[in-house]
Every structure is written in C-alpha cells, then in structure tokens.
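Grab a coffee and work through a few short exercises on the model below. Each one comes with a worked solution, taken step by step.

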Amino acid sequence: MKLYYFPPSPNTRKVHAVAIHLQLPIDLRLVDLQKGEQHHPEFVQLNPTGRTPVLQDGDFILWESTAIMQYLASQVPNSLWSEDPKIRADIMRWQSWQLAHWYSVCQPLQFENFVKALLQLGEPDPQVVQQASDRFHKEASVLNNHLANREYLVNNTLTLADFSVASDLTYAIPARFPLENYQHIQAWYGRIEQLPAWQQTAPRG
C-alpha cells in the first residue's frame with residue numbers, strides 16, 4: 001500500500017500513526033504542500049480535492065483520513081476498530097464529532113496563533129481568536145467531561161477515535177489552545193503522547 005502524505009499535517013499524522021501502530025507495511029510517498037505538489041496533475045488524478053493523505057492499495061484509491069484509518073484497521077485483527085457493532089458505532093461517533101466540531105474549533109486557533117507566524121502572514125486576528133476560543137471551551141468541556149473517568153474515548157481501550165481526536169492537538173502548544181482547565185484532556189493526551197506511533201509521527205522542528 002502506498003500512502004501519499006505530508007508529515008506536518010495532523011490529518012496525515014493520524015493515518016500514519018495508525019499504520020505504524022498496526023505494523024502495516026506502507027510505502028510512503030511525500031507530497032510537499034509547501035511546494036504545491038498537491039496541485040500536480042498526477043496527484044489530482046489520485047485525489048481531485050488536491051489534499052493529503054491518499055492511500056493507494058493496488059487499483060483501489062482512497063482519500064479522506066477517517067476512511068483511510070478505518071480501511072487500514074480492517075486489514076488485521078486489532079482493537080482499534082472493533083468488530084462489535086456498538087463499539088464500532090461509538091468509535092464512529094467520536095470520529096464524526098472530531099470532523100464536525102472539534103476540528104472546526106481547533107483549526108482557527110492553529111491558523112491564527114501558529115500558521116500565520118510560520119508563513120509570515122501577519123498577527124493573529126483578536127476577534128477570530130476570541131470567537132474560536134469561546135467555541136473551543138464549549139467543545140473541550142464535552143470532551144473533558146467524557147474523559148473524567150476514562151482512560152480512552154471508547155470502551156476504555158485505545159481506538160481509532162483517540163487517534164482522530166488527538167490529531168487536532170498536534171500543535172496545541174504553539175497554537176496556544178486554552179487547555180489549562182481541562183485536566184482530563186491533558187492526562188488523556190499525555191497517554192497518547194506515550195505511544196511509539198505518536199512519537200514517531202511527531203512533526204519535526
């Protein structure tokens with residue numbers, strides 16, 4: 001299987017980490033977004049949206065990180081993507097929450113407080129930061145309360161849900177996410193950070 005990826009991307013990270021965790025043989029193909037390689041015709045042919053990651057398994061082409069994670073976890077027996085329909089639905093619930101809600105509050109803070117400085121795009125917009133922070137607290141409270149008596153998000157076991165939700169915290173420190181009052185999120189993410197697969201996919205300075 002070939003994985004077209006861009007290592008600094010949180011969406012790439014969660015897919016790559018799952019592949020490493022499951023010890024799946026993956027042929028990594030770098031797509032350098034900073035050089036615009038996602039717009040090259042040969043890549044757009046694989047993914048018309050021009051985004052990473054993309055998985056190629058023979059003639060089967062799959063894009064969208066959540067779908068790729070589920071496909072990878074279907075290749076070998078594991079507990080990341082349970083065969084139990086209720087547990088699997090719960091995993092998908094948290095993956096859906098990440099896509100619809102968590103990402104939408106993390107991404108603006110990441111862009112304003114981290115990406116802008118990285119790309120020299122000017123100072124953070126205080127109004128955008130304030131609005132994103134308000135929304136962040138609403139979603140973070142949900143996540144924090146859920147983790148109050150749990151080691152992991154679903155079935156007290158590491159699953160794809162944890163990889164999905166954790167990916168948006170990749171740049172939490174440089175993006176200045178307001179996580180100070182969310183001890184359960186911090187403790188849970190600390191556990192994720194101990195995973196060899198998470199350490200191996202950490203962005204390089």
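**Exercise 1: a salt bridge at the surface**

Asp-27 has a relative accessible area of 32%, so it is partly exposed (buried is under 20%, exposed over 50%, partly exposed in between; 1.4 Å probe, protein chains only). Before going on, keep in mind that this is a predicted model, where local features need pLDDT of at least 70, side-chain atom pairs count only at pLDDT 80 or more, and totals for chains, interfaces and linings use all residues. Residues are numbered from 1 along each chain as its sequence is written, and side-chain values use heavy atoms, with hydrogens and water left out.

Task: find which side chain meets Asp-27 in a salt bridge.

Solution:
- Start with the principle: side chains of opposite charge can pair when their charged atoms come close.
- Apply the cut-off: a side-chain nitrogen of Lys or Arg within 4 Å of a carboxyl oxygen of Asp or Glu.
- The partner is Arg-29, at 2.9 Å, N to O.
- Arg-29 is partly exposed too, at 33% relative accessibility.

**Exercise 2: a pair within one helix**

Task: work out where Asp-90 and Arg-93 lie, and how many residues apart they are.

Solution:
- Both are in helix α4, three residues apart, or about one turn (helices are DSSP runs of H or I, at least four residues, and strands are runs of E, at least two, numbered from the N terminus).
- An α-helix has 3.6 residues a turn, so residues three or four places apart point the same way.
- The two side chains form a salt bridge at 2.7 Å, N to O.
- Searching the whole structure gives four salt bridges.

**Exercise 3: the core**

Task: say which element gives the most residues to the largest nonpolar core.

Solution:
- Define the core: buried Ala, Val, Leu, Ile, Met, Phe, Trp, Tyr and Cys residues joined through side-chain atoms within 4.5 Å.
- The largest one has 55 residues, and Trp-102, Phe-136 and Trp-188 have the most contacts inside it.
- α4 gives the most, with 10 residues.
- Now look at Trp-188: leaving out residues up to four places away in sequence, it touches Leu-147, Asp-162 and Val-165, among others (contact means heavy atoms within 4.5 Å).

**Exercise 4: a covered helix**

Task: decide how many residues of α6 are buried, and what they pack against.

Solution:
- Eight of its eight residues are buried, including Asp-162 and Val-165.
- These buried residues pack against α1, α3, α4, α5, α7 and α8.
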